[in-house]
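Trainee: I would like to learn how to read surface and backbone features in a model. Could we go through one together?

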Amino acid sequence: GSDTLSVPRQLSDVIAYAVGESDEITASDPTTSPVNLVARKFGTMTRVPSELNDDAVISIAEMVATSIARAQALRADTAGFLGNGEAANHGIQGLANVLNAGSVVTAGVGNTMATQTIAVFQEAVGKLPDFAGINPVWFCHKAIWSNVLGRLQLASGGNTTENYGAGPVPAFLGYPVVFVNVMPKTISGSSKFAHFGDLGLSATLGVRRRLAIAADASRYFELDQIAYRSTMRYDLSLI
């Protein structure tokens, strides 16, 4: 139907063989597996008194639009990184819940931010396959970066007053760091507090409808309020 989209996900590459003169070249084809995406709708509804709209129409519209965009982005991140098939995320399975056991590195002794060593992160880098064109980054909450990755940077030695003033750079072991606010702020239990990889090679995102915002003054006519509705339709599949 119109809500379903099937796209191929590549699993292997073409293989180059040594070929003798006039010999037949061995055939090799990239293998793919279909990924079925179902457009899932996420929405917000916000009511604004007409008086606010009259008195500050530009700033109110900007405030509502910004708040809506943040809410939709937060829901997308929550589904993509933490989703566990629950109804609130339309059944999407997030990154933390689809990782194979062999791709997970166990935190250091003590299971706290203060006890983590650089060896944990070096092991994570070593586990990532070296695909052609891969561009991996670190994904973590800013608190994890500041108290773990940044702490390890500044503890490496050779720092000056200027280094401490500038602070640690948002990169680690040669790879950029991307802040994800929905990820864990602390290290505890079995929570996955950081990810390392290239989402372009591990995730398939299909967007049927980008963020759309509409206003209506009739629904809450008796309250003299204006309703602002936003919707997005997309699906996300992770390996």
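**A patch and two turns of the backbone**

Mentor: Gladly! Ile-15, Tyr-17, Val-19 and Ile-25 form a nonpolar patch on the surface, together offering about 380 Å² of accessible area. Patches are made of residues with over 30% relative accessible area and no salt bridge (a side-chain nitrogen of Lys or Arg within 4 Å of a carboxyl oxygen of Asp or Glu); like charges are joined within 9 Å, and nonpolar side chains (Val, Leu, Ile, Met, Phe, Trp, Tyr) within 5 Å. Areas come from the Shrake-Rupley method with a 1.4 Å probe, and for residues only the protein chains shown count as cover.

Mentor: This is a predicted model: local features need pLDDT of at least 70, side-chain atom pairs count only at pLDDT 80 or more, and totals for chains, interfaces and linings use all residues. Residues are numbered from 1 along each chain as its sequence is written, and side-chain values use heavy atoms, leaving out hydrogens and water.

Trainee: Where is Ile-25 placed?

Mentor: Ile-25 sits in the loop between strand E1 (4-10) and strand E2 (32-38); strands (E, at least two residues) are DSSP runs, numbered from the N terminus.

Trainee: Is Ile-25 buried or exposed?

Mentor: Buried means under 20% relative accessible area, exposed over 50%, partly exposed in between (1.4 Å probe, protein chains only). Ile-25 is exposed, at 59%.

Trainee: What should I know about phi?

Mentor: Most residues other than glycine have a negative phi. Ser-22, not a glycine, has a positive phi of about 70°; Ser-22 also lies in the E1–E2 loop and is exposed at 77%. Asp-224 has a positive phi near 55° and is partly exposed, at 41%.

Note on methods
Helices (H or I, at least four residues) and strands (E, at least two) are DSSP runs, numbered from the N terminus.
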